[in-house]
Amino acid sequence: MENFTNETIDTTQLPKFEEVIFTPLHSKYFTVVVINLVIIIAILMLVPTVFSFFRPELFSGRLWLIIGAILPVVFIWITTFSILGYKRKGFAFREHDVLYKSGVIATNTIVIPYNRVQHVALHEGLISRYLGLAKVEIFTAGGSSSDLEIPGIDKEQAEKIKQLLMGKIQKQL
Amino acid sequence: MSTDFSLPQRQSVVGIWVLFFYSLQRYGRAFWPIILIYAFRFNEVNKIYLVLSLVAVFTAIGIISYLKYLNFTFALDSENKEFIINEGIINKTKTAIQLNKIQQVNINQSFIQRLIGVYELNVDTAGSNKKEGAIKAISHKLALELKSRLLDNDLKSSYINSELISEDDSTAESVDVLQPFLKISFLSLLKVGITSNYGRSIALLLLFFSTIYENFLKFGDDDDVYKEKFGDYIDQNLVLQSILLFIFWLIFIVLIVNIFRTIYKYYNYVIVRQNGSLLLSFGLISTKSTILKPEKVQIVVSSRNFFQKKMEILELKIKQATSGEKEQSSSAIEIPGCSEAEGNEILNLLYQKIPTKGLMLKPNWRKLIFSIFLTIGLPLFAFIAIGSYIDSSIFDYAFLAPIYVICIGLIQYFKFVNNRLFINKDFIIKQSGAWDVKKEIIKPSKIQAVSTSQLFWHKKLNIGSVILHTAGGDIAFQLGDYIVLKQYINKWLYEIETSDSNWM
């Protein structure tokens with residue numbers, strides 16, 4: 001009882017989530033982003049080509065002009081967004097919670113306290129596995145909108161993060 | 001009180017009918033596309049085969065129901081203190097529920113059960129929110145006896161609670177020893193029926209109008225003589241009058257439908273306090289009953305519109321923690337009409353104190369501009385674009401545009417004015433809505449995760465959005481004072497992380 005104190009908290013002195021320094025995603029993950037980008041662009045280019053091969057009568061000169069004008073804009077658009085998106089993503093593990101930041105136009109930050117984590121999963125995509133990367137998925141009881149996915153983490157580190165989180169959850173129970 | 005429950009008991013013999021109807025319902029639901037096809041091709045189908053197959057199906061279901069009845073037994077094992085249910089014709093299932101784990105025993109009666117004169121007994125345990133033991137057909141006397149035995153045993157084995165001794169029942173027939181905590185009167189239900197569900201009413205109105213209008217047009221097309229001869233006679237005044245009368249009648253009909261719907265759904269709404277949780281039961285034809293455990297409550301939504309405010313009633317919607325996302329919508333418990341005092345009493349019971357508002361946050365005026373842009377600017381732009389480039393005939397309806405702008409503008413304005421976030425030491429209250437003003441009340445300890453979002457051009461303006469995720473749904477507040485929001489987020493995170501308060 002003697003050790004019990006109950007002083008007023010100065011809310012301005014609390015640790016600030018907005019001042020946390022985020023760890024960027026693994027540099028190898030950039031390769032994954034680029035490969036995904038190439039695949040998408042290839043599909044976008046291939047579809048009209050294949051179509052025009054089988055049904056050439058559908059493609060007038062005007063349509064080709066529109067496709068030729070729109071596609072490069074779309075390519076530039078998604079390329080900048082993927083690259084910027086990669087650069088803007090970051091995560092941080094604090095003592096009591098995990099943070100993830102993303103978004104190009106809007107900066108989104110999600111914070112999940114460890115004592116609200118339901119379970120943790122590791123996910124490896126095809127390309128990611130080839131590069132030795134993994135995705136950490138953190139689930140809460142708040143539904144899919146409050147789940148967290150951190151892509152592009154080194155497999156070993158992801159394993160460690162999972163262990164850390166499991167330890168934190170265990171401690172809560 | 002002489003039935004020996006230690007021996008396996010069957011359900012009521014008439015209960016075969018209940019099982020029969022339930023099976024029929026289930027198969028009917030599963031095979032409705034096939035039934036529909038047959039119904040449409042009724043004339044082509046050989047009648048004898050149809051009758052024969054129908055007879056075959058009915059006998060098959062009858063036999064299945066009878067076998068189900070034969071194989072369904074329940075018993076009380078006083079040695080192991082268990083309630084045992086055996087069921088299944090080929091796949092046998094034996095459910096054993098420990099008596100001291102039984103949280104609640106409900107006696108319900110659906111429409112079919114009411115017709116046949118039997119009751120349903122559901123056993124609810126602490127383990128999951130699924131009903132683990134259900135007896136579909138049991139006489140009322142036996143049900144009450146079994147219930148008291150089930151709960152009686154619980155009493156002896158675990159703890160003595162004076163509240164539990166009384167042999168209360170959720171159905172209206174038995175005498176309630178427990179005083180109802182809240183009873184919604186018929187008058188309140190009438191008030192609710194008159195004042196709520198305007199959205200649905202307006203949709204109904206529109207649907208009705210459009211069909212009538214279409215028929216009217218067809219009528220005009222078919223009968224050109226009518227147009228020529230009588231067209232001149234139709235006085236401007238008369239048209240206006242009949243339209244007004246028509247609208248009046250429609251509103252009247254919709255209100256009547258609304259009242260009937262409300263009474264059908266919520267007739268005899270009784271809330272009983274039991275063992276720290278609330279027991280709700282309601283319904284005109286089929287009585288529904290649910291349990292509400294205060295610790296499972298995530299969000300309480302209290303809403304009222306202008307009329308309801310004048311009539312001094314409010315609606316409460318209580319969202320509990322759900323295990324699956326599919327259940328989310330169905331697990332919200334509605335208390336359709338209660339006075340402010342009763343509402344406060346319920347809140348007091350759920351939260352141990354009445355939520356007060358505290359610090360108020362307003363959204364930035366840009367939110368209003370943005371929503372006006374989305375709901376007025378874009379549609380108007382599309383209207384003008386279609387009119388000038390594709391089909392200029394839609395400009396004939398241009399007179400509707402100002403009406404639309406005024407209506408939507410007013411809705412957006414009131415939405416903006418009512419959109420507030422109140423932050424208090426123990427509660428977060430989000431107020432929203434144009435006509436029905438909703439107040440979503442949560443405790444900071446129920447927060448599962450926090451998302452923040454800020455557009456890059458809003459950084460200098462210091463405005464941003466926050467979403468508080470809970471197990472009962474999300475609460476979002478857009479374009480508020482970002483510095484204040486962040487400060488509170490830090491505080492909430494601190495509170496969540498330093499305490500091990502139970503969110504469920």
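**Two hairpins and a small sheet in chain B**

Let me begin with a turn: β9(B) and β10(B) form a hairpin with five residues between them, and within that turn G283(B) has a positive phi of about 125°. I should say straight away that what we are looking at is a predicted model, so please hear everything that follows as a description of that prediction.

Staying with this hairpin, strand β10, which covers residues 288–292 of chain B, pairs with β9(B) in the antiparallel sense over five bridges. If you want a place to fix your eye, take L280(B), whose bridge partner in β10(B) is T290(B).

Now to the strand that comes before. Strand β8, residues 270–274 of chain B, is joined to β9(B) by five bridges, and these two strands run antiparallel. Here R273(B) stands opposite L278(B) in β9(B). β8(B) and β9(B) also form a hairpin, with two residues between them, and N275(B) in that turn has a positive phi of about 60°. β9(B) therefore pairs with β8(B) and also with β10(B).

How many of the six residues of strand β9 of chain B are buried? Five of them are, in a strand that spans residues 277–282, and so β9 is largely enclosed by the rest of the structure.

Let me move to another part of chain B, where an open sheet of three strands has the order β1-β2-β3, with antiparallel pairing. Which strands stand at the edges? They are β1 (73–77) and β3 (93–98) of chain B, each with a single partner strand, so that one side of each is left without a neighbour in the sheet. From one strand to the next, the twist averages 15°. Looking at one of the pairings in detail, β1(B) is joined by five bridges to strand β2, residues 82–87 of chain B, and the two run antiparallel; T73(B), for example, stands opposite N86(B) in β2(B).

I will finish with confidence. For chain B the mean pLDDT is 80, and 84% of its residues reach 70 or more. There are stretches to treat with caution, however: over residues 154–177 of chain B the pLDDT is below 50, although this stretch has 39 contacts in the model beyond near neighbours in sequence. Over residues 324–329 of chain B the pLDDT is likewise below 50, and there the model has four contacts beyond near neighbours in sequence. As for the model as a whole, it scores ipTM 0.90 and pTM 0.74.

Key. Residues are numbered from 1 along each chain as its sequence is written. Chains are lettered from A and ligands numbered from 1 in the order in which they are written. This is a predicted model: local features need pLDDT of at least 70, side-chain atom pairs count only at pLDDT 80 or more; totals for chains, interfaces and linings use all residues. pLDDT is the predictor's confidence in each residue, from 0 to 100. Two residues are in contact if their C-beta atoms, placed from the backbone, lie within 7 Å. Two strands pair if DSSP finds at least two bridges between them. Helices (H or I, at least four residues) and strands (E, at least two) are DSSP runs, numbered from the N terminus. Axes are lines fitted to C-alpha atoms, for helices over the stretch in contact, and angles run from 0 to 180 degrees between N-to-C directions. A residue is buried if 20 or more other C-beta atoms lie within 10 Å of its own, exposed if 12 or fewer, and partly exposed in between; C-beta atoms are placed from the backbone.
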